[in-house]
Amino acid sequence: MELLFLGSDAACAYKVQVFGMKERGGEMEKPLLTVVVPVYNVEKYIEKCIYSLQTQSYKNLEIICVDDASPDRSVEILQRLAASDPRIRIVHHEKNQGLFRARLTGISHAKGKVIAFVDSDDFVSSDWFRPLI
């Protein structure tokens with residue numbers, strides 16, 4: 001599998017391996033982008049974060065939110081958002097395992113050829129991913 005890892009910080013964008021787009025019916029097929037969002041104690045920020053991902057100009061994406069056993073209402077907010085957007089998936093940790101493990105869990109559930117990480121207390125501009133893919 002060829003992957004491009006992107007972070008919500010411009011300095012975190014780096015290619016692990018160059019990938020090619022496939023042609024389908026005369027058009028270039030856009031690869032599925034998986035955005036992994038680790039979630040822990042961010043009820044004040046998570047809705048704005050997810051909204052910034054839902055409104056991306058690059059539309060071929062899935063959003064994997066990894067609940068790292070968050071003690072607040074973050075998961076309730078995510079469930080409400082996921083109910084109206086099939087691109088959002090929620091994965092749960094039984095106990096808190098930290099940011100690194102949450103990202104690894106997200107990667108293990110990813111279907112995309114391109115993987116990006118956005119911290120749950122951040123938000124990105126509406127055209128954040130399109131120029132990078």
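This passage walks through the fold of a predicted model, its central strands and a few side-chain details.

The chain holds three helices and eight strands. Read from the N terminus, these elements follow the order β-β-β-β-β-α-β-α-β-α-β. Of the 133 residues in the chain, 42% are buried. Contacts across the sequence have a clear long-range component: among those between residues at least 6 apart, 76% join residues at least 24 apart.

A good place to begin is strand β6, which spans residues 61-67. Seven of its seven residues are buried, so β6 is largely enclosed by the rest of the structure. In a regular strand, side chains alternate between the two faces of the sheet. Both faces of β6 are covered, with buried L61, I63, C65 and D67 on one side. On the other side lie E62, I64 and V66, which are buried as well.

Strand β6 has parallel partners in β5 and β7. With β5, the pairing is made by seven bridges, and within it V37 has C65 of β6 as its bridge partner. Between these two strands the chain passes through helix α1, residues 46-54, in a right-handed β-α-β crossover. With β7, residues 88-92, the parallel pairing is made by five bridges. Here I64 is partnered by R89 of β7, and the chain reaches β7 from β6 through helix α2, residues 74-83, again in a β-α-β crossover that is right-handed. A further bridge in this pairing links V66 to V91 of β7.

Strand β5 itself, residues 33-39, contains T34, a residue worth a closer look. T34 counts as buried because its relative accessibility is 0%, under the 20% cut-off for that class. Beyond its neighbours within four places in sequence, T34 is in contact with E62 and I64, two of the residues on one face of β6. The other contacts of T34 in this set are with A110, K111, G112, V114, I115 and A116. With G112 there is also a polar approach: a polar atom of the T34 side chain lies 2.8 Å from the backbone nitrogen of G112.

Turning finally to the aromatic rings, the count of aromatic pairs comes to zero. Two rings do, however, have a charged residue over the face. K48 lies over F123, at 4.0 Å from the ring centre, while R103 lies over F117, at 5.1 Å from the ring centre.

Terms used
Residues numbered from 1 in each chain as written. Predicted model: local features only at pLDDT ≥ 70, side-chain atom pairs only at ≥ 80, totals over all residues. Heavy atoms only, no water. Pairing = 2+ DSSP bridges. Helix = DSSP H or I, 4+ residues; strand = E, 2+ residues; numbered from the N terminus. Right-handed = clockwise from strand over helix to strand, strands pointing away. Buried < 20%, exposed > 50% of the residue type's maximum accessible area, 1.4 Å probe, protein only. Polar contact = N/O pair within 3.5 Å; in protein donor to acceptor, adjacent residues only side chain to side chain. Contact = heavy atoms within 4.5 Å. Phe/Tyr/Trp six-rings, centres within 6.5 Å; stacked < 30°, edge-to-face > 60°. Lys NZ or Arg CZ within 6 Å of the ring centre and 35° of its normal.
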